[in-house]
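This briefing sets out the confidence, the strand arrangement and one helix packing of a single chain, in that order. Please look through the structure below before reading the points that follow.

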Amino acid sequence: MTTPPAPPAPPFGRALCAMVTPFTAEGALDLDGAQRLADRLVTGGCDGLVLSGTTGESPTTTDAEKSALVRAVREAVGARVSIVAGIGTADTLHSVELARAAEKAGADALLAVAPYYSRPPQDAIEAHFRELADASSLPLALYDIPGRTGVRIEPETMIRLAGHPRIVAVKDCAYDLMGTQKVLSRTDLAFYTGCDEYVLALYALGGAGYISTVANAIPRHFRSVIDTFDAGDTAEAARLQQRAFPLTELMMASGLPGAVTAKALLRRLDLPSGPVRAPLRPAERRTTDELLTAYEELTA
C-alpha cells in the first residue's frame, strides 16, 4: 500500500498563542516582560506568536508600541517561531501603514480582522483585504470574528480571496462549521481556530491548528492536544481537550474579554502581564481566584 503524502505544513506552525501585551504597573509598554513571556511561550511549545491582536489589546496600543513589540519579541525568540502581527483596524489606509511597519519591524506574517463597526458590504471587505495583501511582501491571515466586528467574511468572499498569492490563512471565530468546511473543501487556506473550545474539533476537520488565548497560561497543554491527535490517539486528545474546559470556560466565557482573564491569571502566576488599559477593567478577586483554582487543578 502506498503511503499517502503528508499534508503541507501550516504557514505559521500549528500551535500559536495570541499573546497578551505586558504593561508596567503605570500602564506603559513592558518590553522586558514581553520578551520573558514570549520566551516562556516558545519554551512551552508554541511555534507561533500573534502580537497586537485583540488579546494583545491592539485597540489601545499605539502604532509605535506595536512596532516596538514586534522588534522586542523578535530579539527574544530569534528565528525559533513565527511572529504574526495584528494590523486590523476599521480604516484600510491605517491598516496598510501597520502592515508596512510590521514588515519593517521583523514580523513574518500579518493578521487582519474584517473592518469593524462600519459594516461594509462583501465587495468592500474583499477590496480591503486585497489592498492589505498588496501592501507588503508578507503572507496575510484573515480574521473572521463577526461577534466583535458586526460583519462576516462570507465563505464565498474567502474563496475568492484565496486566489491572492499572499492570502494564505484564516483565524476562524465565526462559529460556523458548515461555512468553514465549505472553504476548506474548495481552497488551500490554512484554518486556525481562534476559539479555544474548538481546538480539537477544527483540527480534526483538517484545520491547521489554533491561535489560542488560553495558551498564555497553558501553552504545553494545548500543544499536547494536537500532538496526541497527530500520534493517532484520538480518545486521549479528546480527554486532554476536555480537561482544559473548566479553565477555558472561565477565561473565554465568563463575560470578560480574554485579555482581562489572561492577564489576571498570569499576574497570579507571577508572569509578565500588568494591568489592562481602559476601557477594559481588571478582573475581580473572585474571578481571579477561580481562574487560579482551575489552573492548579489542570496542572496538578
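Over residues 1–6 the pLDDT stays under 50, and for this stretch the model has zero contacts beyond four places in sequence. Where pLDDT is low, the predicted coordinates should not be read in detail. The model is a predicted one, and for the chain as a whole the mean pLDDT is 96, with 97% of the residues reaching 70 or more.

**Strands**

- Eight strands close into a barrel, following the order 1-2-3-4-5-6-7-8 with parallel pairing, and from one strand to the next the twist averages 25°.
- Strand 7 (residues 190–193) and strand 8 (residues 209–212) run parallel and are joined by two bridges.
- Within that part of the barrel, Thr193 has Tyr210 in strand 8 as its bridge partner.

**Helix 1 and helix 2**

- Helix 1 (residues 31–43) packs against helix 2 (residues 63–77) at an angle of about 45°, and their axes lie 9 Å apart.
- Angles that are neither under 35 degrees, nor over 145, nor from 65 to 115 count as oblique, and helix 1 and helix 2 are therefore oblique to each other.
- The crossing of helix 1 and helix 2 is right-handed.
- On the side of helix 1 the contact is made by Leu31, Ala34, Gln35, Ala38, Asp39 and Val42, while helix 2 contributes Ala68, Leu69, Ala72, Val73, Glu75, Ala76 and Val77.
- Sorted by class, the contact between helix 1 and helix 2 has 10 nonpolar residues, one polar residue and two charged residues.

Note on methods: Residues are numbered from 1 along each chain as its sequence is written. This is a predicted model: local features need pLDDT of at least 70, side-chain atom pairs count only at pLDDT 80 or more; totals for chains, interfaces and linings use all residues. Side-chain values use heavy atoms; hydrogens and water are left out. Two strands pair if DSSP finds at least two bridges between them. Helices (H or I, at least four residues) and strands (E, at least two) are DSSP runs, numbered from the N terminus. Axes are lines fitted to C-alpha atoms, for helices over the stretch in contact, and angles run from 0 to 180 degrees between N-to-C directions. A crossing is left-handed if the near helix is turned anticlockwise from the far one by less than a right angle, and right-handed if clockwise. Contact means heavy atoms within 4.5 Å. Ala, Val, Leu, Ile, Met, Phe, Trp, Tyr, Cys and Pro count as nonpolar, Asp, Glu, Lys and Arg as charged, and the others, Gly among them, as polar. pLDDT is the predictor's confidence in each residue, from 0 to 100.
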